[in-house]
Amino acid sequence: MHISIITCLPRLLESPFNDSILKRAQTKGLVSVNIIDLREYATGKHKPVDDYAFGGGAGMVLMIEPIDKCITDLKSKRHYDEIIYMSPDGELFTQSIANELSLKKNLILLCGHYKGVDERVREHLVTREISIGDYVLSGGELAAAVVADAVIRLIPGVLSDETSALSDSFQDGLIAPPVYTRPAEYKGWKVPDILLSGHQARIEEWKHEQSLDRTRKRRPNLLK
Ligand code: ADE
């Protein structure tokens, strides 16, 4: 998989992709991530990427021209399955969208900033719009990192124990059960006896009951 992320603040995205699982996925050649500075496609002496909104109003708007040039350049090098604009009013990101995107070959994530992008970008250049939640971030960068992380960890070979992505919360429509590790007792707080019993079938049954119970209490909407 290849992910191109278009941003006017490339430094904001450096650390998420240079550590732990996301870094290893790139080192193993399972994914390549290209962070593109939108300013490289700006014209003029000061290389502006934003301007005032027509009709007035507070906040700057990212201009269509550098974004169009950047996307055109990227598309001349490879076919992209989706060009996704990160926006608080986009489709709400879920595990099921992460699963769907993990099957794609090439993705562009476009990060908005300030008041967002010129509406014509949304009308003509992007194929999809994703929000990571009903709150407003300063820009799309952190949202793009969230989406990329959720997608990349699903690519076969990225997680060392591949079954662990399958047992994640939401993956089977349920919240994951609680987990414990040593010591079996700490300050008098005990690990449930069943987990120490060695009866694997009963342990699996207990885990499933815990998942159902947690989902009922914490995310009842998932059971509908
Ligand atoms: N940009 C600003 N806020 C955002 C959000 N909640 N999701 C995606 N992109 C955003």
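Strand 5 supplies the largest share of the shell around the ligand, with 3 residues. Please keep in mind as you explore that this is a predicted model.

**The ligand and its surroundings**

Which elements give two or more residues to this shell? They are strand 5, covering residues 82–92, and strand 7, covering residues 128–131. The ligand itself sits in the second largest pocket. Around the ligand there are 13 residues, and those that come nearest are Ser-87, Ile-132, Gly-133, Tyr-135 and Leu-137. Sorted by class, the shell contains 8 nonpolar residues and 5 polar ones, while charged residues are absent.

Now for the polar side of the picture. Three of the residues named above place a backbone atom close to a nitrogen atom of the ligand, as the table shows.

| Residue | Atom in the residue | Atom in the ligand | Distance |
|---|---|---|---|
| Tyr-135 | backbone N or O | nitrogen | 2.8 Å |
| Ile-132 | backbone N or O | nitrogen | 3.0 Å |
| Ser-87 | polar backbone atom | nitrogen | 3.2 Å |

How much of the ligand does the protein bury? Taken alone, the ligand exposes 260 Å², and the protein buries 96% of that area.

**The chain as a whole**

Stepping back from the ligand, you can follow the chain through its domains. The domain assignment gives domain 1, running over residues 2–152, and domain 2, running over residues 169–223. Between the C-alpha centres of domain 1 and domain 2 the distance is 37 Å.

**Two backbone details to look for**

Where does the chain have a cis peptide bond? One joins Arg-182 and Pro-183, with omega at about 5 degrees. To find Pro-183 in the structure, look in the loop between helix 6 (163–166) and strand 8 (185–186).

The other detail concerns Ser-20, which is found in helix 1, made up of residues 20–27. The phi angle of Ser-20 is near 50 degrees, a positive value in a residue other than glycine.

Terms used
Residues are numbered from 1 along each chain as its sequence is written. This is a predicted model: local features need pLDDT of at least 70, side-chain atom pairs count only at pLDDT 80 or more; totals for chains, interfaces and linings use all residues. Side-chain values use heavy atoms; hydrogens and water are left out. A residue is near a molecule or strand if one of its heavy atoms lies within 4 Å of it. A polar contact is a pair of N or O atoms within 3.5 Å; within protein, one must be able to donate a hydrogen and the other to accept it, and residues adjacent in sequence count only if both atoms are side-chain atoms. Accessible areas come from the Shrake-Rupley method with a 1.4 Å probe; for residues, only the protein chains shown count as cover. On a 1 Å grid over the protein atoms alone, a cavity is a set of points where a 1.4 Å probe fits but cannot get out, and a pocket is an open set with protein on both sides within 12 Å along at least five of seven lines; lining residues have an atom within 4 Å of a point. A molecule sits in a cavity or pocket if more than half of its atoms lie within 2 Å of its grid points. Helices (H or I, at least four residues) and strands (E, at least two) are DSSP runs, numbered from the N terminus. Ala, Val, Leu, Ile, Met, Phe, Trp, Tyr, Cys and Pro count as nonpolar, Asp, Glu, Lys and Arg as charged, and the others, Gly among them, as polar. Domain bounds come from an automatic or database domain assignment.
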